Structures are given as structure tokens and as C-alpha cells.
Amino acid sequence: LFGAATHLPAVERAPAVVLGLESRERFLASQTMGYRVFQRANEILPQGEKVLVIEVTETYYLHRPVQWSKALFQSVIRMSDFPDWGSAVTRLRALGIHTVAAKKEDLFSVVPGPLGKHRILFEADGWVLVDFRGV
């Protein structure tokens, strides 16, 4: 029952999408964590580019190979194992991962210290897509 109640706002808005009063994109952006960042990643990253997604597993709309950062999920990279971002980036590069998608607050809390050299590819709705390639 509680689970159904948490989805009630989305259910109430669904008729607006069906009737064309609200776009599918706007609806998904408001209901799906990271949706706009994932869509941008799909547009700009090469087809086989692997993306590390920090702290979130709802990656249905990210059409790239995914690596997760939580121990409960498959293909895990535990960010808490790294003393700083320099060692994290070294390990990610060794695994062929150059791009990270995360809520901005999680990006700066899972590994201590500054990010070091990086490039923000896209930022929306409190999420960032960060590239560590060639920096």
C-alpha cells in the first residue's frame, strides 16, 4: 500500500501525457532520477562507452554499458574503497570507464577530496555527467 501511495502523483499526471497535454520527455524528466543526464549521455557518448553511475540503479533510460557503485548491485565499484579521486580515476580508467553520472551531492560525498582534473559534459536537475578522459 505504501509503495502505491508514493507513485500516486505520477499516476495522477499520466492522463495528461496520454491526452498530449504534457510531453513524454517532461513527464519522464520529472519522475525519473537522472533522466535528462542519461538522455544527454545517450546523445554524446560513443555507443560502447561504459558509464559509472553512483548511488542509483534506475538506469533503464541510459543506453550505454553501466557500472554501479553500490555493493548491493552487480558490476560493482565501491567508491568508498578509494582514498581520493586520483586513485578512483586511475582504477576507473583501467576498467575502461571515463564517464561518471551522479547526483551532484553524491559525486562529492562518495570519495573524499576534490575531483581533480575533469570536464562536466552536462548538468541538469541536480545531476552531472563528468568526463575524466584525457585530463
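Visitor: What share of the area that the chain exposes do carbon and sulfur atoms supply?
Guide: The chain exposes about 7,800 Å² (Shrake-Rupley method, 1.4 Å probe). The model is predicted: local features need pLDDT of at least 70, side-chain atom pairs count only at pLDDT 80 or more, and totals for chains, interfaces and linings use all residues. Residues are numbered from 1 along each chain as its sequence is written, and side-chain values use heavy atoms, leaving out hydrogens and water. Of the exposed area, carbon and sulfur atoms supply 56%.

Visitor: What pattern does the chain follow along the sequence?
Guide: The chain has six helices and five strands (DSSP runs numbered from the N terminus: H or I of at least four residues, E of at least two). Read along the sequence, the pattern is α-α-α-α-β-β-α-β-α-β-β.

Visitor: How are helix 3 and helix 4 oriented to each other?
Guide: Helix 3 (residues 24-31) and helix 4 (residues 35-44) have axes 8 Å apart, at an angle of about 120° (lines fitted to C-alpha atoms over the stretch in contact; N-to-C angles from 0 to 180 degrees). Roughly parallel means under 35 degrees, roughly antiparallel over 145, roughly perpendicular 65 to 115, and the rest oblique. The two helices are therefore oblique.

Visitor: Which strands stand at the edges of the sheet?
Guide: Five strands form an open, mixed sheet in the order 2-1-3-5-4 (strands pair if DSSP finds at least two bridges between them). Strand 1 (residues 50-53) runs parallel to strand 2, joined by three bridges. Each edge strand has a single partner, so one side of each lacks a neighbour in the sheet: these are strand 2 (66-68) and strand 4 (119-124).
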